[in-house]
Every structure is written in structure tokens, then in C-alpha cells.
Amino acid sequence: MKRVLVSGGAGFIGSHVTVELIEAGYDVLVADDMSNCDLTCYEGVKKITGRDDLPFVKMSFCDMEATDKLFSEWKIDAVIHFAAFKAVGESVSDPLKYYGNNLQSFINVLEAAKAHGCRNVLFSSSATVYGEPEELPVTEKSPRQPSTSPYGNTKQICEDILRDSVAAYPQIRGIALRYFNPIGAHPSALIGELPRGVPNNLVPFITQTAIGRRECLSIFGDDYPTPDGTCQRDYIDIVDLARAHVCAVARMLDEKMEQEYEIFNVGTGRPLSVMELVNAFQKVNNLKLNYKIAPRRPGDVTAIWADPTLANEKLGWKATRTTEETLASAWAWEKHLAGK
Ligand code: WQD
């Protein structure tokens, strides 16, 4: 069986990807420094898959010695790199924490992969590299814009590090997946998003408001040039997103790549406004959400959504879950966390 290393694999996206990789027949090695999560999702993955022996290594990929040791002790056929800090606001207030961690960890992974015969590197990138797009929907050829946050900038820089490494070293090839807005939780409600402190992202703030952990959802601006005045995003179900990673790993391991470095948008192709999402959440979960209109949040783009054609065609992947299913799964997860 081929083995995939999932760095940051105890986190929200990493744990969902681990489930789908195991269910697709891969061996998985999870490694995480636990700086932004606890073992809830790792334990949930074991329950969902029945793999009590799922290997886990607590380590930081900023530690080159530990990273090299991992690649020398385990035969790794592909690595999916999630291990990074991801809070946009924090990256503005503490940029060195973000450049130091997000860049060094990825460089170490590439160095170790190159040294230990792991040719296949899958990088967790983000639609944030497109900034405020001039044209919609965005394709992989849409221009990247100067990032509005150090977090987003680390995503652009890591894409370039992967691109340049592939060009220079025959031992490395790579795929970057540009996620739009991942939301929801596994249908089992055993894994999901576990934001620490006050959630930055919309859907966890909604579910925490609905469960009573937050007083009121603030909708950041209803005066944007969009149909209902609120920002539009491409909300991609976390299980659909995870399955895109399995397709990308298969593309690499089954020698289907057409270039040594490939980029794919992972989105639904459907724009949804904040107000539409709030209304859909209330409707599918049959509840009334307490919300108010608040001032715009600095740095927010008005609208962005994907043209997912390339991923549909080349990865053989398409988002299948409906917004309603996804928002019901997010609510089920929040209730699970509350012991309901
Ligand atoms: C979505 C919309 C907000 C919270 C960021 C990163 C991206 C990825 C996902 C990390 C916006 C509005 C939000 C709230 C609101 N990051 N909103 N009230 O900013 O599109 O993307 O998170 O993995 O790389 O850029 O996501 O969920 O923060 O915001 O009105 O309490 O919801 O203004 O329009 P965003 P988000």
C-alpha cells in the first residue's frame, strides 16, 4: 500500500483528508505539532475509519532534524502539507510568526522529501492568492494579486517555492490546490472545525451563535456591490474538499500528471452571499439566528468564486454536497461539541 504523510493532519482539513485517504485504500501517517488543535479530530478519525493503529507523530516541521528523522524512519510516497498558521488577522499583527512558521516548515518538508525519495508534494494553497479578482469566476490562469495579509502572502510564496523546486530538482514534483471557503463537517459529526477562541470564519461563528456560545453574529457590511449587498464566496464542503486531495494524490501516484507542477482551484463554482448562507442555515436547521449588520471588515474582498473546470476534468473531481447538507453537518458538529 502507498503511504501518504499528512502534515498538520490533526487539524480541520487534515483530519477530513486523512479519513478519505484511508477509505480510498492508502496508508496514512499523521504528524502535527498540536499548536492549533487538540486530539479531538485525530480520535474522531480513528473512530470513523476503525483504524486504531493510525500512526501519529507529534512534531514541528520547523524542526529540520525531526522532519528529516520522520522521512528516514517512514517510507513516504506522497506528502500533503497542511501544517501552517492560518488566522488572517493574527498574521497582520504578528507577521514574523507567520513567515517563520509557514515558510520554514514547507522548506523543511521539501528538503526532506527530496533527500528521502518522496517525489510527490501536494501543497494546501488558498483562493486568497487571487485577492480581489478583476474577472469572475477565477480560473487557475487568473492573476494572483498582492496579498492583503502576511498569511495570504505565505501561500503565494510557498506556491513559488514549490514551483521553483520542481523546476530545479528532478526528485520533486507538485500540485497546489487552491481552496475557496471550506465549511461543514464529516456526516458522522465526529470531526469538524475546532476554532480556538473567537472564530474568525463565518460558519463556525454562525454555529456558535446558534448554540448560544456567541451572543450575536455580525454581518460585516451589506453595502457591497453585490445582489443583496453582502460579500459573495464559494463555500466548499469539507468532505468534497478532502476528496479532491485523494484525486490529486492518485494523479501523482498513478503517474497521470501532465506537468511537473500543476495548480487546481477547488471550489463549487457557485457564489453564495453571507445573507444567503445565513438564510440557508436558518432554513435547513429550522432555527432563528440572532444577527445584526455591522461595518465592513478591512481586507475582505467583495466577491470571489471558482471556475472548477480544470479540477473537474483533470482530477476527475466535482463538488457534490449541497449547501443545505453542508450547513446541516456544521450544525450537527456544533451540537456534538456541546454534548447535545
Ligand atoms: C467569509 C465572509 C466576511 C465572519 C478566509 C481566508 C481564507 C481561508 C478562509 C483559512 C466574508 C463574512 C465572516 C463573521 C461575517 N482561510 N463574515 N461575519 O475571509 O472569505 O477567507 O478564511 O483557511 O484563506 O482568507 O472567510 O469565513 O472569514 O468570511 O460577516 O463573523 O463572511 O466578511 O464576507 P474569508 P470568512
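Trainee: Where is the place of E255?

Mentor: E255 has its place in the loop between α8 (238–253) and β11. Helices (H or I, at least four residues) and strands (E, at least two) are DSSP runs, numbered from the N terminus. This is a predicted model, in which local features need pLDDT of at least 70 and side-chain atom pairs count only at pLDDT 80 or more, while totals for chains, interfaces and linings use all residues. Residues are numbered from 1 along each chain as its sequence is written, and side-chain values use heavy atoms, with hydrogens and water left out.

Trainee: Why does E255 count as exposed?

Mentor: Buried means under 20% relative accessible area, exposed over 50%, and partly exposed in between (1.4 Å probe, protein chains only). E255 has 52% relative accessibility, and therefore it counts as exposed.

Trainee: And why does M34 count as buried?

Mentor: M34 lies in the loop between β2 and α2. Its relative accessibility is 14%, so M34 counts as buried.

Trainee: What makes the phi of M34 worth a second look?

Mentor: Most residues other than glycine have a negative phi, and most peptide bonds are trans. M34 is not a glycine, yet its phi is positive, near 60°. E255 is a residue of that kind too, with phi near 55°. N286, just after α9, takes a positive phi of about 55°.

Trainee: Which peptide bond is cis?

Mentor: The bond from L136 to P137 is cis, with omega near -5°. P137 sits in the loop between β5 and α6.

Trainee: What makes a residue part of the surroundings of the ligand?

Mentor: A residue is near a molecule or strand if one of its heavy atoms lies within 4 Å of it. Here 20 residues surround the ligand, and the closest are N201, L202, S218, R233 and D300.

Trainee: How do you know that D300 makes a polar contact with the ligand?

Mentor: A polar contact is a pair of N or O atoms within 3.5 Å; within protein, one must be able to donate a hydrogen and the other to accept it, and residues adjacent in sequence count only if both atoms are side-chain atoms. A polar side-chain atom of D300 lies 2.6 Å from an oxygen atom of the ligand, so the pair is within 3.5 Å. S126 has a polar side-chain atom 2.9 Å from a ligand oxygen. L202 instead brings a backbone N or O atom, 2.8 Å from an oxygen of the ligand.

Trainee: How much of the ligand's accessible area does the protein cover?

Mentor: On its own the ligand has 690 Å² of accessible area, and the protein covers 89% of that. Such areas come from the Shrake-Rupley method with a 1.4 Å probe; for residues, only the protein chains shown count as cover. The elements that give two or more residues to the shell are α7 (202–211) and β8 (217–220). The largest share, four residues, comes from β8.

Trainee: How do you know that β5 and β6 pair?

Mentor: Two strands pair if DSSP finds at least two bridges between them. β5 (residues 120–126) and β6 have seven bridges in the parallel sense, so they pair. S126 stands opposite Y179 in β6. β6 also pairs with β11 (residues 261–266) in the parallel sense, over six bridges, and R178 stands opposite N265 in β11.

Trainee: What makes β6 mostly covered?

Mentor: In β6 (residues 173–179), seven of its seven residues are buried. R173, I175, L177 and Y179 lie on one side, and G174, A176 and R178 on the other.

Trainee: What makes β5, α6 and β6 a right-handed unit?

Mentor: A crossover is right-handed if, with the strands pointing away from the viewer, the path from the first strand over the helix to the second runs clockwise. β5, helix α6 (residues 150–168) and β6 make a right-handed β-α-β unit. β1, helix α1 (residues 12–23) and β2 form another right-handed unit.

Trainee: Which strands run parallel to β2?

Mentor: Five bridges join β1 (residues 3–7) to β2 in parallel, where D27 is the bridge partner of R3. Three bridges join β2 to β3 (residues 56–58), also in parallel. In β2 itself (residues 27–32), six of its six residues are buried.
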